[in-house]
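Me: I am new to this structure and would be grateful for a close look at the pairing of charged side chains. Please explain it in one connected account, and then place it in its wider setting.

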Amino acid sequence: MTDSDDEFLFLDDQDGDGNGNGETGSPATGNRWKMMIVDDEPEVHSITKLVLADFAYKGRSAQFISAYSAAEARAILAREEDIAIILLDVVMETDDAGLQLVHHIREELKNRHVRIILRTGQPGQAPERAVILDYDINDYKAKTQLTAQQLFTTTVAALRSYEDIMAIEMNRRGLEKIIEASSSLFQARSMKLFAAGVLTQLSGILGVGPDAILCVQRGPVISGAADGLYVLAGSGRFETLIDEPAANHVEPAVLAEVKRCLESRSNRYAADHCTLYIRTPNDRENVVYLSSDRPLSDLDRNLIAVFCRKISVGFDNLHLYEQLRRSQEHTVIAMADLAERAGHPGVESETGPRIALVTDRIARRLAEEGRYPATLDTVFLESVGLAAILHDVGNATLDPAILGKTGPLTPEERAVMQAHTTTGWDLLDRASQRSEGRTHLHLGAEIARAHHENWDGTGYPDRLKGEAIPLSARIVAVADSFDAMTRDRPYRKALDHDVAVAEIRRLSGSRFDPLVVDAFLAVSGSLRRE
């Protein structure tokens with residue numbers, strides 16, 4: 001560009017000073033409009049920044065990013081995703097460098113949002129009609145056309161367009177997330193997990209970071225929460241407060257906002273945060289406190305309202321699910337306790353919960369290690385611990401004299417004792433046929449039958465070998481043996497923890513699946529009795 005070109009660029013316009021007619025206000029220092037200047041002439045950068053130095057649109061000032069070649073612009077665009085406007089020269093390191101950059105932005109980066117204003121001092125190099133038709137640009141200006149007022153007008157028009165496009169995009173993303181949330185959140189099987197999912201989805205819908213998000217529920221669920229408020233789930237600075245009474249741990253200003261939200265029973269919005277009231281059909285009350293670095297728009301608030309209505313049903317459904325699951329657990333524990341007492345009258349049993357714990361930890365360790373991915377899915381991991389409690393349910397049908405005998409069993413007595421595997425399987429198999437899908441009863445049936453099978457094929461009742469033995473039974477075989485060795489029996493005292501662990505290690509590859517043993521050894525330290 002020549003000196004004479006500079007004289008035409010941004011000539012003073014007597015009809016305006018570049019500050020607009022009420023569209024702009026005092027420039028904001030926070031969330032600014034990002035504008036990138038791509039030109040190989042340093043003077044163009046300086047003059048553009050000078051003319052738009054006091055620019056502000058809707059209370060937001062401009063943040064200028066300079067690139068002196070198309071190659072430099074590509075590098076900037078690779079790391080900057082929220083540039084609103086690009087003021088782009090055509091002729092830089094090559095005669096069509098600017099046009100090639102447009103192609104890169106639209107076709108390779110797939111960025112349809114940024115507004116591209118092509119500026120050229122050599123219109124003959126890029127005829128306006130051909131450029132408009134062949135390239136996805138939003139405005140075309142010869143540098144001799146741009147006065148200060150014209151640059152201001154062009155910039156405001158581009159920002160309006162950008163704002164509208166981003167509103168449409170945010171609306172689309174928000175609706176996608178609501179649809180995704182209504183399915184993924186309802187798959188959660190834990191109230192804490194569900195609540196954490198609520199926080200994640202809300203932050204995604206609003207486009208704010210996950211820090212400083214708090215979910216609080218009202219009700220006497222946690223002992224010690226005098227006002228009925230406790231932290232259900234949190235992230236950022238609230239992440240460590242889960243299950244804690246809110247009154248003792250949440251900062252007073254945040255707690256006051258939560259209480260005001262509960263009292264008003266409505267969503268409340270402020271410049272840097274919002275509190276969202278979620279009332280379920282069964283009158284359970286929940287509040288989400290969400291910190292934000294920007295005021296929420298009407299679109300944000302409408303999306304939040306839709307989202308809160310959707311998830312209120314989810315809270316109720318999950319609460320009912322957890323009640324049902326707790327009832328199932330108590331029923332299963334009672335059945336297992338009955339079977340245990342049949343073999344050891346007068347002895348208080350802790351076998352069921354302990355085997356469930358050991359089984360669950362082994363299974364989850366295997367999943368973390370990527371073992372048996374076809375089997376260790378979410379349903380398996382959620383059900384196998386409960387199913388493990390039923391492993392010896394067949395003992396309820398046996399003669400207590402055999403189960404409690406302190407001396408060696410006769411061949412006949414051993415055959416009767418071993419039959420507990422098939423009787424337990426028959427009972428649970430018939431019960432599982434009344435349930436659809438793969439439940440703890442289905443797993444319980446295969447565990448009851450196969451937990452005495454040996455990895456080397458010498459077990460009973462079917463002499464299965466290796467991976468022909470169901471994985472659930474292979475895991476419970478280790479958990480059951482560890483539990484049996486570390487508890488008192490009529491014929492011996494409990495073994496020391498380290499002795500029991502060493503025995504399981506010794507039987508790896510013969511009695512037990514070596515991979516299951518490895519997982520057990522990895523978690524055995526956490527199973528040591530206090």
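Reply: A salt bridge is here a side-chain nitrogen of Lys or Arg within 4 Å of a carboxyl oxygen of Asp or Glu. The model under discussion is a predicted one. By this rule the count comes to 18 salt bridges. Side chains of opposite charge can pair when their charged atoms come close.

Arg106, Glu107, Arg112 and Asp136 are joined by salt bridges into a network. One of these residues, Arg106, is also in contact with Asn138, as are Val114, Arg115 and Ile116, when the neighbours of Asn138 within four places in sequence are left aside. Asn138 belongs to the loop between α5 (128-134) and β6 (139-142). With a relative accessible area of 33%, Asn138 is partly exposed. From Asn138 to Ile86 the C-alpha distance is 10.0 Å, although 52 residues separate the two in sequence.

Three individual pairs may be examined in turn. In the salt bridge of Glu80 with Lys34, the closest N and O atoms are 2.5 Å apart. Glu80 is in the loop between α3 (70-79) and β4 (83-89), while Lys34 is in strand β1 (residues 33-38), so this pair ties together parts that are 46 residues apart in sequence. The two partners fall into separate classes of accessibility: Glu80 is partly exposed at 23% relative accessible area, whereas Lys34 counts as buried at 14%, because the limit for burial is under 20%.

Glu257 and Arg260 form another salt bridge, with 2.6 Å between the closest N and O atoms. Both residues lie in helix α9 (residues 252-264), and because they are three residues apart there, about one helical turn separates them. Glu257 is buried, its relative accessible area being 15%, while Arg260, at 35%, is partly exposed.

The third pair consists of Arg265 and Glu285, whose closest N and O atoms are 3.5 Å apart. This salt bridge links distant parts of the chain, 20 residues apart: Arg265 is in the loop between α9 and β9 (268-269), and Glu285 is in strand β11 (residues 285-291). Arg265 is partly exposed, at 47% relative accessible area, but Glu285 counts as buried, at 9%.

For the wider setting, one may turn to the nonpolar cores. The largest has 32 residues, and those with the most contacts inside it are Ile362, Phe380 and Phe520. At least two residues of this core come from each of α11 (351-368), α12 (378-388), α16 (440-450), α17, α18 and α19 (514-523). The most is given by α17, with eight residues. Phe380, leaving aside its neighbours within four places in sequence, is in contact with Ala363, Thr375, Leu443, Leu471, Ser472 and Ile475. Apart from this core lies another, of 25 residues, including Ala73, Leu77, Ile105 and Ile137.

Two of the helices that supply the largest core, α17 and α18, also cross. The axes of α17 (residues 471-485) and α18 (residues 497-506) come within 9 Å and cross at roughly 145 degrees, and the crossing is right-handed. Val478, Phe482 and Met485 of α17 make the contact with His497, Ala500, Val501, Glu503 and Ile504 of α18. By class, this contact has six nonpolar, one polar and one charged residues.

Methods
Residues are numbered from 1 along each chain as its sequence is written. This is a predicted model: local features need pLDDT of at least 70, side-chain atom pairs count only at pLDDT 80 or more; totals for chains, interfaces and linings use all residues. Side-chain values use heavy atoms; hydrogens and water are left out. Axes are lines fitted to C-alpha atoms, for helices over the stretch in contact, and angles run from 0 to 180 degrees between N-to-C directions. Helices (H or I, at least four residues) and strands (E, at least two) are DSSP runs, numbered from the N terminus. A crossing is left-handed if the near helix is turned anticlockwise from the far one by less than a right angle, and right-handed if clockwise. Contact means heavy atoms within 4.5 Å. Ala, Val, Leu, Ile, Met, Phe, Trp, Tyr, Cys and Pro count as nonpolar, Asp, Glu, Lys and Arg as charged, and the others, Gly among them, as polar. A nonpolar core is a set of buried Ala, Val, Leu, Ile, Met, Phe, Trp, Tyr and Cys residues joined through side-chain atoms within 4.5 Å. Buried means under 20% relative accessible area, exposed over 50%, partly exposed in between (1.4 Å probe, protein chains only).
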